[in-house]
Amino acid sequence: MTMTDPDNFDHIFELMNKEIDGVNSKKESAELKRHLQKHADSARYFKKLQSISKRLGRVKAVTPPSYLRTTIVNSIYAPKKFTEAQQSVWDTVISKFTQLLFTNKEASMEQTPTNLFTGKKGIFVLSGAIVAVVAIVYLAGLYPPADTEDAVGTIGGVQKAKKYRSEQIAEKDVVLKNEKNARVIQSDKFQKLNKNDRFQKIAKDASFQELLKDAAFQELLKDAAFQELLKDAAFQELLKDAAFQELMKDAAFQELAKDAAHAELMKDAAFQELMKDAAYQELMKDAAFQELMKDAAFAELLKDAAFQELLKDAAFQELLKDAAFQELLKDAAFQELLKDAAFQELLKDAAFQELMKDAAFQELMKDAAKEAY
Amino acid sequence: MQRVQKILAAFAYAWLLQSAPAFSQLSSLETKNLRLISYDRSHAFVVPHLARCFENAFRFHSKLFSYTPTEEVTLLLQDFGDYGNGGATAVPFNLISVGISPFHYAYETSPANERMNALMNHELVHIVALDRASESDRLFQSLFSGKIVPTRENPLSMLYSYLTTPRRYSPRWYHEGIASFLETWMDGGIGRALGAYDEMVFRTMVRDSAYIYDYVGLESEGTTIDFQVKANSYLYGTRFMNFVAYQYGPERLIQWVSRTDESRRFFASQFEHVFGVSLEQAWSDWITFERRWQQANLDSIRLHPVSRHRELSPQTLGSVSRAFYDKSQKKIYAAINYPGQVAHIAAMKIDDGAVEHICDVKGGALYYVSSLAYDSSSRVLFYTTDNNKWRDLNMVDVETGVSKLLIQDARTGDLAFNHADKSLWGVRHFIGFSTLVRIPPPYTDWNQVYTLPYGKDLFDIDIAADGKTLTGALAEVSGNQKLIQMDIQKLMKGDHSSEIIFDFDSNSPATFVFSPDGRFSFGTSYYSGVSNIFRYDFEKKSMVALTNCETGYFRPIPVSDDSLIAFNYTGTGFVPVMLTNREQEHVSAINFLGQAVVERHPIVTQWKLDPPSESSINIDSLTTYSGEYRPIDHIKVTSLYPMVEGYKDFASFGLRMNASDPILINEIDLSTSYSPNALLPAGERLHARLNLHSWRWRFLATYNAADFYDLFGPTKTSRKGYSAGVQYREFLVFDEPKTMDYLVTGSAYWGLERLPDFQNVSIKSFDRFLSVSGRLNYQYFMRSIGAVEEETGFRWQMISHNNYVNGVLFPRLLSNLDYGFLLPVSHSSIWLRGSSGYSFGEREEAFAKFYFGGFGNNWIDYLDSKRFREYYSFPGVELNEIGGTNYGKLTLEWTLPPLRFRRFGVQSFYMNWMHLSLFASGLSTNFDNPSLKQTAVNVGGQLDCKLVMFSTQESTLSFGYAVAWRDHLPSSTKEFMISLKLLK
Amino acid sequence: MNDKSDSVLVKECLSGIKKSFEILVDRYQKPVFNVAFRIINNYDDAAEIAQTTFIKAFENLSTFDTKRKFFSWLYRIATNESLNYLKARKQHELLSDDHVSHDQTPDEKFDDAESDEQLQTALMQLNPDYRIVLVLCHFHNLSYKEISSILDVPEKTVKSRLFSARKNLKELLERENI
């Protein structure tokens, strides 16, 4: 039997094809094998068929266009249009409904469908008809309910676009150097200051740069009262004063400035008033007073509690204003008398104090003074 | 490279003009791979972080591209503009310039995440793409001692440059495309490859069946005339890269861009080598693909009813700013910028769309033009100028058009007007921070309200009519953006707490504005991938969509309860439209091509960079130096190559050497050559030229000066003899485009046989002289989008030439005045150019004269192609033929609109445009002596053709023709000129 | 990768979960497209046919007998649509080469593309009925039974057409010296 044998050709041909498709039974495979071994032309034919099959199997699948999926899915979600059948149903419903509503009553005296819509009964019938229409429309699928899954990740019906996003750089990853300082210079005040010629000049000064580094000065700058003081016009004037500048440099004054009692005195309202007093200011300028202030004994006297009480005494304050007493204080003999211990004892004596107040005795003292001088 | 050079030049001048000397000192931080230079100590806070970002990105690129740099990268940190930017070059040095300011987020064209990180990711791609060298590149670099910068003085340098850095000669879309593509994945999905604006641009093109440029036409026309100008390089480039990555895989994209030993020199050849198809075919495939892709997106949008609008103007307005509606006048006020007209503030009537010009905007920005705010009670607009530099604050009366500068260098934008107390609010950018500021009347000073932490930014602010609430968009370090509101009273007391209205995630809440009654806020977002209008209800605390747009709606203005005005994006710009204020129930999302790339090729997710944290990058341990930077200490040879020059009628062969520091403050240029021809006397065979440049100073010395272009004639600049000169230039006003500068030059010449400036004038009575000249120049020119040169403006020059010869001084004085204005036809101008001069010397002396004649162009040239505009030119007459000791000259010139070509050539060589100028001049010399007086008139024209070779090498081919009549000659004389100017 | 069977997805879709149909689209869009493409030999129109196939399947999902195989039903729609297309067009076209295959070197891509093109040219010269069985058998590895189910013809007819198709194809290729 050969391929040229028409009677057997169909059978062998079928075996060949089934062999390629892997559906021959063992017996059929063996039969084919025997035939091929005997008939070279069949073998060649089979080989070609196999080759074609393999070649067909190697054909690569074609990639569809990237937009295909989108187009298909979009079509699925598109609002449905009427199919012909649905349109027919809808038309029938409308037609019937219209007839029910608008049939001419006069045309017939029989119980026509329109009679159904008259009176109280008519209301129920009409309502029912409306409900039926709505149900038909809904079930016809003309208004499919929205798929709840469509509403996931949306603003009121807006679908959020899909975009790849990975973990991002965070604030902790941005480590800056002295960011605080950089933010400080954003201030309008700083920028105005920076443009100021005078500030630029002083900024270059080495001592100013040192001062800025000083911790105490930094604390002072924070102090609200100091900030107020800086605004004060009088203080600004004072700063310019050469004598004040000298005072600031003075070591003794610097010590005094540190003293707590001194600080308290500075805060005292009465002292502040005194400081404003013109006479006091004159006194401060007086050279003799300045000498007195340097005197150690006087410094001790000022600390004496009894003397401090005396200074508060109104009568003594009046006495100090008295011109005669001022003259007396200059008198050397009186100064000697004041040092005298017996006189100091006499001054303590209560009877002597009463005598001093006596008007007659005062007249007697005056006469004695006249006679002495 | 040109952009980086401009930045460096600006840096040099700005650094020197600093009014705060306390901060003016260059400092650097160096690692093995980096030299980070800053000129302002106030920038120091960000230096370590920037260095970390650099090292982080550098590690990534080194690995991805198997990249070893030829040298360290110099990174210049600057604050030249109120909005951040970056630029990079690798020729002659690896150099990146980084702006410290926050980005502008208009239309989401810039990323909103931390900008130093994003910039380093992007700019280093440029360095790698340009600097990565093959074995042959390295061989040539070694041979020529560096990466050659092509110079017009020696055009052979073009060839050498191509041999040393071939990838420099690829178009901008290629470089920007790959940088934007990679940056997106490195930033974890933030970037143009996933950009909604990009999708919108191409979706609109497909919808409108607009022309999509091919890759030649894009460079020729698409990056010059479109209202988006150079941004088209980013758009097309990123898009094409996305497509190639999608179709062929991102790894093969990297293979295309990498300059390996096996790669092809020219980028287009390499494309074919990697992908097996020509670039032209692939580009065509992309366009076919894009049409299908965008059609599917349009189908998506059209699933639900598309919003209908009424166009309010028959013309598109190009780029547009925030706009305001004047109900009483029925006008919209906005700043607009479109091709053919300079940026300006306009009023548009909504009834008929008529547009009235109110005032020009100097320095309009690309997308947003200017920041605007409106005081409706006084009918005054506040606006910013110099928007690409340090913004100035101005105001203009919309009725009269009279404008006034309020605060120079206010550096403030995102303006909002508080009608309650008449104060103006804005966001100020200064040394990298954003500060909310308040500017009270009379608007001459600003007050800080709140400075945001670094990395956070506030933009698009608005204030309710009652003056109680401020809203704005807040961008975080991560790039997340939220719409927030703040209480104004609290802000004034120092409480800057805010309430989040809506978290838009990675989408920008753009230009949200209050309704007049304060109940709502209207703005836009790309939430669905398309820019649609949203409305926030303050009472219900809900956000709803109002539109479903095919392209995009922007900048809404609520007009009434039922309508609003917005701007609709089209391919030629924005069109104002009227819309209904009604909720849109459903809006479908579109698909992003970048998203398809991610899904098909997840490898791009592996390109996500870890953050540049302190723990992963210890910059202290990497630092090799930190301290003062002196440019002069870092000068090195950048190139050494053979050259040929012309000396008189002979050729001369020699070498040229260039040296400079990395930021090009100091430059040395030395050339020597030898003419072997025996016809030349021995004393004239050797030639040398030395050119030194440092800051404002320039020093030039020559010996038997030769010139390449003398090989081609007829103009000869080579001269026998010696010369030495020094030049100093200083700016008195530097407020570009308005500048005033002076230039002083002192030179000495000896051993001469001809005048240095006039080749046809020989000298016999002397061979040496001294020359001192000075020039004072004031100019203010402007051009519109799509222009090929300046189109309107003014220039005045005063020039003094003083020659000292044989004990006699010959002073000459001349003045030039140019004035031009735009015609109603786009890109067409009329110019009036006047010049007059007087010489105080004896008429018989050559030095005492002015000489005129000829176009002045050489057949092969490197000087300005339009030399017919120079005072000494007079086309139609021989060079230097007309002379005189005094003169007056007037030229009327009409420049016609350029003719641009979409595609006239191939990738490696094409013509960009043709430009025709027609002129007529009159010249008269020796007014004071009727017998010697000469008068001439001419008419002529010049046609210039811009040619581009290998993407970046521009040249100009010029054709000129003129006819001249002179008073004592019976017939006219003619001149025909043809000239090829190499390199621009 | 979704592991749900086709029948489960169909049931979910019928109960209103449209997302389940999207999974079926993802699963079968490529083979459905290729069925159409190999029968009609036009890239763009094959996409149209694929789209129509899925839309029709979705719209008529309620009529699908879940006892049958979903893909058989889907392929049936696709082949019917393709045959309708051919009847309307009544012409044979050459292979369009605007598709892209992946992960091949340029040389490999060139050789295979040329070979595929030659085969497709020969295929298009076959009787459509023969072509369809060849496509379903060799390109989609379907059995006689499955093909019979798709085409709604007896298995015997499938075999007869398939074997004849191979014979004719062999002769065509020999004639063209391929």
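Q: A residue is buried if 20 or more other C-beta atoms lie within 10 Å of its own, exposed if 12 or fewer, and partly exposed in between, with C-beta atoms placed from the backbone. With that in mind, which residues of helix H5 (residues 156-164) of chain B are buried?
A: They are Ser157(B), Met158(B), Tyr160(B), Ser161(B), Tyr162(B) and Thr164(B). The cover over the buried residues of H5(B) includes helix H4 (135-143), strand S32 (636-647) and strand S51 (953-966) of chain B. A helix here is a DSSP run of H or I with at least four residues, a strand is a run of E with at least two, and both are numbered from the N terminus. This is a predicted model, in which local features need pLDDT of at least 70 and side-chain atom pairs count only at pLDDT 80 or more, while totals for chains, interfaces and linings use all residues. Residues are numbered from 1 along each chain as its sequence is written, and chains are lettered from A and ligands numbered from 1 in the order in which they are written.

Q: Why does Gly876(B) count as buried?
A: Gly876(B) has 25 C-beta neighbours inside 10 Å, and the definition asks for 20 or more, so Gly876(B) is buried. You can find Gly876(B) in the loop between strand S44 (860-861) and strand S45 (882-884) of chain B.

Q: What does Gly876(B) touch, not counting residues up to four places away in sequence?
A: Its contacts are Asn938(B), Gly940(B), Ala962(B), Val963(B), Ala964(B), Thr973(B), Lys974(B) and Glu975(B). Two residues are in contact if their C-beta atoms, placed from the backbone, lie within 7 Å. Val201(B) makes a nice contrast: from C-alpha to C-alpha, Gly876(B) and Val201(B) are 50 Å apart in space, and they are 675 residues apart in sequence.

Q: What kind of elements make up chain C?
A: Chain C has eight helices and zero strands. Of its 178 residues, 35% count as buried. Among its contacts between residues at least 6 apart in sequence, 67% join residues at least 24 apart.

Q: How do you know whether helix H6 (residues 128-139) and helix H8 (residues 155-175) of chain C are roughly parallel, roughly perpendicular or oblique?
A: Their axes cross at roughly 95 degrees and come within 8 Å. Axes are lines fitted to C-alpha atoms, for helices over the stretch in contact, and angles run from 0 to 180 degrees between N-to-C directions. Under 35 degrees counts as roughly parallel, over 145 as roughly antiparallel, 65 to 115 as roughly perpendicular and the rest as oblique. H6(C) and H8(C) are therefore roughly perpendicular to each other.

Q: Which residues make the contact between H6(C) and H8(C)?
A: H6(C) brings Asp129(C), Tyr130(C), Arg131(C), Val133(C), Leu134(C) and Cys137(C), and H8(C) brings Val158(C), Arg161(C), Leu162(C), Ser164(C), Ala165(C) and Asn168(C). These residues divide into seven nonpolar, two polar and three charged. Nonpolar covers Ala, Val, Leu, Ile, Met, Phe, Trp, Tyr, Cys and Pro, charged covers Asp, Glu, Lys and Arg, and the others, Gly among them, are polar.

Q: What makes S12 and S15 of chain B edge strands?
A: They belong to an open sheet of four strands, ordered S12-S13-S14-S15, with antiparallel pairing. Two strands pair if DSSP finds at least two bridges between them. Strand S12 (372-375) and strand S15 (403-407) each have a single partner strand, so one side of each is left without a neighbour in the sheet.

Q: How many bridges join strand S14 (residues 392-397) of chain B to S15(B)?
A: There are four, and the two strands run antiparallel. Four bridges set against the required two make S14(B) and S15(B) a pair. One of the matches is Val396(B) with Ser403(B) in S15(B).

Q: What makes up the hairpin of S35(B) and S36(B)?
A: The two strands have two residues between them, and Trp695(B) in the turn has a positive phi of about 50 degrees. Strand S36 (residues 697-703) pairs with S35(B) in the antiparallel sense over seven bridges, and Leu690(B) stands opposite Ala701(B). Strand S34 (residues 666-674) and S35 (residues 686-694) of chain B pair over nine bridges, again antiparallel.

Q: Which element gives the largest share of the side of chain B that touches chain A?
A: Here 58 residues of chain B are in contact with 42 residues of chain A. The largest share on the side of chain B, five residues, comes from H12(B). That side divides into 29 nonpolar, 23 polar and six charged residues.
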